[in-house]
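Colleague: I'd like a close look at one part of this model, the second largest pocket, with enough of the fold and the packing to place it. Please take your time over it.

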Amino acid sequence: MSAEPEAVDLLLPAARESRVRTAPPRSGRPGGPARAGLFLAGTLVLLASVAAGTRIGSAEVGWSDLGRVLGARLGLAVEPLPPLLDSLVWDLRLPRVLMAALVGASLAVCGTVLQAVTRNALADPYLLGVSSGASAGAVVVAVLPLSGAAAGTLGITGGALVGALLSFGLLLALLHRTGLDSGRIVLTGVVVGQLFTALTSLVLMASADADTTRALTHWLLGSMAPARWDAVVVCATVTPLGLVIARLYANALDGLAFGADTAASLGIGVRRTRMLLLVVTAVLTSVAVATVGAIGFVGLIVPHGVRLLAGPLHRVLLPHAALAGAVFLVWTDALARVAFAPREIPVGVITALLGVPLFLLVLRRRGEL
C-alpha cells in the first residue's frame with residue numbers, strides 16, 4: 001500500500017520521541033476542531049440510527065412506543081405498552097440493533113488494524129480467512145456432541161476464538177518466508193478461508209440434522225436475528241476493550257503502515273506489536289462471528305471511506321471507523337429486514353452486494369484490475 005505524502009510528513013517528527021505528532025491542518029483534511037465536530041456528528045447519527053432501526057420492521061413501532069419502553073425500563077412514570085409490543089421492542093428489536101452497531105464497529109476496527117499491520121488495502125477479517133476460521137470453531141461447538149453444556153453464548157464464542165486463532169496461525173505459517181508485507185497475503189487468506197469453509201461444511205454434513213444444518217447455514221451468512229441481551233453484553237464488553245487497545249497502539253499502526261523498517265526506526269517492537277494486534281482482531285472477529293455469523297466486507301469498505309474524511313492517522317481514524325461501521329451495519333440490517341418483507345435475508349448478503357463493487361474499485365485504484 002503506497003504511503004500518502006501527507007501521512008509521511010505527519011510521521012517524520014515521530015523519529016525524535018517514538019511517537020506521531022499532529023501536523024498543522026492542511027487543505028482537504030479537517031483540523032482538530034473539525035475532527036471533533038465530525039466525531040460528534042457521527043455519534044449523533046449513530047444514536048439516531050439506533051432509534052430509527054428499532055422502529056423498522058414488519059410490525060410498526062412509533063416514536064412514542066419506543067419512548068415508553070425505554071421510560072418503563074428506566075423506572076419513569078410512563079404508561080407501559082402491551083406485553084407483546086413491549087417484548088417485541090425490548091427483547092427483539094433493541095438487542096438486534098445494538099448488536100448490529102457493536103459488530104459493525106468491531107469489524108471496521110479490525111479492518112483498519114489489519115490494513116495497517118499487513119500494509120495491504122484489501123485486508124479485512126473476511127478476506128484473510130479469520131471469519132471462516134471463527135465460523136468453523138463456532139459450528140464445531142454448536143454441533144458436535146462433545147460440546148454438551150458448553151454450547152451457550154460463551155462456549156460458542158470460545159470455539160469461534162479458537163477457530164480464528166487457528167486460521168490466523170495457519171496464515172502466518174504459510175507466510176513465514178514472504179512476511180506480512182507481501183502482496184500474497186490476500187491470496188493466502190482466501191485459501192485459508194476456503195479450507196475452513198470446507199471444514200465447516202464437512203462438520204455440518206457429518207454431524208447435524210436437516211433442521212440444524214438449515215439454521216446454521218442461514219446464520220453463517222450473517223444474521224442479527226439471534227441477537228439477545230446476553231450476547232449484547234458480551235459484545236459490548238469486548239468491542240470497546242478492543243477499540244481501546246487498538247487506539248493505544250495508534251502510533252505503532254502509523255509506523256507499521258509504512259513497513260517494518262520504518263516502525264523499528266521509531267522504536268516500535270514490530271514483532272510483539274504485530275502479534276498483539278493480530279490477536280486483538282482475532283478476538284473481536286470471533287465474538288462477532290459467534291453471535292451473528294460471518295459478515296464480509298465491512299472491514300474492507302468502511303476504513304477506506306473514513307480515510308477520505310478523517311485522514312490517515314490512526315488515533316483519528318480508529319474511532320471514526322468504529323462509528324461509521326456501526327452506522328453502516330445498523331442500516332444494512334434494517335435493509336435486510338424490509339427489502340423482501342415479510343421474508344428476511346441475511347445481512348451478510350447485503351454487505352457482499354455492496355462490498356464487491358467497492359472491492360473491485362479498490363483493486364482498480366491499485367492498478368491490479
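Modeller: Happy to! Helices here are DSSP runs of H or I with at least four residues, strands are runs of E with at least two, and both are numbered from the N terminus. On that basis the protein chain has 16 helices and zero strands. This is a predicted model, in which local features need pLDDT of at least 70 and side-chain atom pairs count only at pLDDT 80 or more, while totals for chains, interfaces and linings use all residues. Residues are numbered from 1 along each chain as its sequence is written, and side-chain values use heavy atoms, with hydrogens and water left out.

Now to the pocket itself. A pocket is an open set of points on a 1 Å grid over the protein atoms alone, where a 1.4 Å probe fits and protein lies on both sides within 12 Å along at least five of seven lines; a lining residue has an atom within 4 Å of a point. The second largest pocket holds about 530 Å³ of space, and 26 residues line it. Nearest its centre lie Y126, S132, T197, L220 and A294. Four helices, α6 (130-143), α8 (185-207), α9 (210-220) and α16 (347-365), supply at least two lining residues each. With nine residues, α8 gives the most to this lining. Sorted by class, the lining has twelve nonpolar and 14 polar residues, and no charged ones. In that count Ala, Val, Leu, Ile, Met, Phe, Trp, Tyr, Cys and Pro are nonpolar, Asp, Glu, Lys and Arg are charged, and the others, Gly among them, are polar.

Helix α6 deserves a second glance, with V140 as one of its residues. V140 counts as partly exposed because its relative accessibility is 28%; buried means under 20%, exposed over 50%, and partly exposed in between, using a 1.4 Å probe and protein chains only. From V140 to L199 the C-alpha distance is 9.4 Å, although 59 residues separate the two in sequence. Just ahead, in the loop between α5 and α6, you find R119. R119 has a positive phi of about 55 degrees and is not a glycine, and at 25% relative accessibility R119 is partly exposed. A second positive phi outside glycine, near 75 degrees, belongs to F297. F297 sits in the loop between α13 (270-292) and α14 (298-310), but F297 is buried, because its relative accessible area is 10%.

For the packing, start with the largest nonpolar core, a set of 95 residues. Such a core joins buried Ala, Val, Leu, Ile, Met, Phe, Trp, Tyr and Cys residues through side-chain atoms within 4.5 Å. Those with the most contacts inside this one are M99, V103, V113, V139, M224 and I295. Helix α5 (residues 83-118) contributes 15 residues, the most to this core. Separate from the largest core is another of seven residues, including V61, L66, V69 and L88.

M224 shows how the pieces meet. Leaving out residues up to four places away in sequence, M224 touches R96, M99, A100, V103, V292, I295, L329, D333 and V347; contact means heavy atoms within 4.5 Å. Across the protein chain, 75% of the contacts between residues at least 6 apart in sequence join residues at least 24 apart. Of its 369 residues, 51% are buried. Two cysteines are worth a look too: C110 is buried at 0% relative accessibility, and C235 is buried at 1%.

Key: Grid points are joined across faces, edges and corners, and a volume is the space filled by probe spheres set on the points.
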